[in-house]
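User: I am new to this structure. Please take a close look at a single part of it and explain your terms as you go.

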Amino acid sequence: MQHHYFSYLSEEDGIQCASAFRFVPKKTLAVGSQVTVRALGLCRSYADVPMGEDQELKLTVGREVTSIGSDGNIVVPYGGTHQVVITAQSAHAAARRNVTITSLSPDIAQLETGRVTLDAEGKAYITIMGRLPGTTYLSYAVEGSQVKAMDTVRVVSSLGFVEAPKASIISGMYVSEGTRVELTAQEGCTIWYTLDGSCPCDEAKRQLYTGPITITADTKLRAMAVDAQGNESEVVTFAWFIKTGIAATHLSPLTTHPSVYDLQGRRVDNPANGIYIIDGRKEFRP
């Protein structure tokens with residue numbers, strides 16, 4: 001078993017101490033199995049008091065919540081409401097956990113409730129009310145874990161407002177090959193989409209959505225909705241990945257890629273280290 005520790009120097013005697021340990025097993029541990037953590041009596045407690053005797057702690061292996069978020073395209077009409085689906089992975093670990101949601105500017109976007117419970121699929125629904133035109137942020141925190149996330153919320157004028165399409169599976173998720181994704185839009189709207197990274201506003205490249213789309217490979221989908229009067233929604237980008245691991249490559253210079261997206265399908269202007277969607281592929285920026 002590999003282990004990592006996070007250390008600091010004591011201000012009094014300069015002795016290096018460990019404030020936290022992270023253990024990485026060489027093989028996957030079965031859910032429900034037990035692990036014994038032993039601290040020797042030579043160790044000192046958080047109060048810098050010698051332990052005196054060896055200490056043991058038995059821990060039961062459980063599933064871990066690894067992420068939470070929405071589709072990342074939250075636009076609320078001024079004076080109206082918008083329902084957002086938040087999804088956590090893995091669903092088994094997230095089921096029945098509570099999530100605390102906070103609007104950083106409730107004068108712009110107000111939440112109907114600040115606490116929801118994830119269902120058996122790791123999903124929960126929140127309603128946002130548009131109070132004033134502007135931009136704010138929502139923060140999510142899964143209780144009982146360290147998983148947190150943030151989304152941008154824009155409140156816009158309701159005149160000619162068309163809501164962007166929604167997907168049945170949140171963007172950035174890993175799915176099994178053959179998974180079917182459904183797109184929905186507000187009543188009376190037509191959905192146009194592309195799978196080659198181009199804008200669905202391009203009549204020469206876009207496709208008319210008529211039914212579920214089958215995911216057979218890593219997919220980047222861009223979509224927009226158009227109402228009967230010709231009003232268009234914003235273009236929203238979704239990305240899904242097949243559950244075969246991350247085949248990361250080195251990201252070429254950003255000057256050749258004006259559009260870089262994170263795993264939630266949100267555009268990133270100054271990407272740090274990590275994995276991003278470039279031209280419909282996952283690539284690694286070292």
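Analyst: Start with a definition: on a 1 Å grid over the protein atoms alone, a cavity is a set of points where a 1.4 Å probe fits but cannot get out, and lining residues have an atom within 4 Å of a point. The model is predicted; local features need pLDDT of at least 70, side-chain atom pairs count only at pLDDT 80 or more, and totals for chains, interfaces and linings use all residues. Residues are numbered from 1 along each chain as its sequence is written, and side-chain values use heavy atoms, with hydrogens and water left out.

The structure has 1 cavity of 30 Å³ or more. The largest cavity holds about 50 Å³ of space, a volume being the space filled by probe spheres set on the grid points, joined across faces, edges and corners. Its lining is made up of Asp71, Asn73, Val75, His82, Glu163, Ala164, Pro165 and Lys166. That lining splits into 3 nonpolar, 2 polar and 3 charged residues.

One lining residue, His82, is also in contact (heavy atoms within 4.5 Å) with Thr127. Beyond its neighbours within four places in sequence, Thr127 also touches Thr81, Gln83, Gln110, Leu111 and Glu112. Thr127 counts as buried because its relative accessibility is 18%, and buried means under 20% (1.4 Å probe, protein chains only).

Thr127 sits in strand 11, residues 123–130. A strand is a DSSP run of E, at least two residues, numbered from the N terminus. Strand 11 belongs to an open sheet of 4 strands, ordered 5-7-11-9, with antiparallel pairing. Two strands pair if DSSP finds at least two bridges between them. Strand 5 (67–69) and strand 9 (109–111) are the edges, each pairing on one side only.

Conventions: Buried < 20%, exposed > 50% of the residue type's maximum accessible area, 1.4 Å probe, protein only. 1 Å grid on protein atoms, 1.4 Å probe; cavity = no way out; pocket = protein on both sides within 12 Å on 5 of 7 lines; lining within 4 Å. Nonpolar A, V, L, I, M, F, W, Y, C, P; charged D, E, K, R; others polar.
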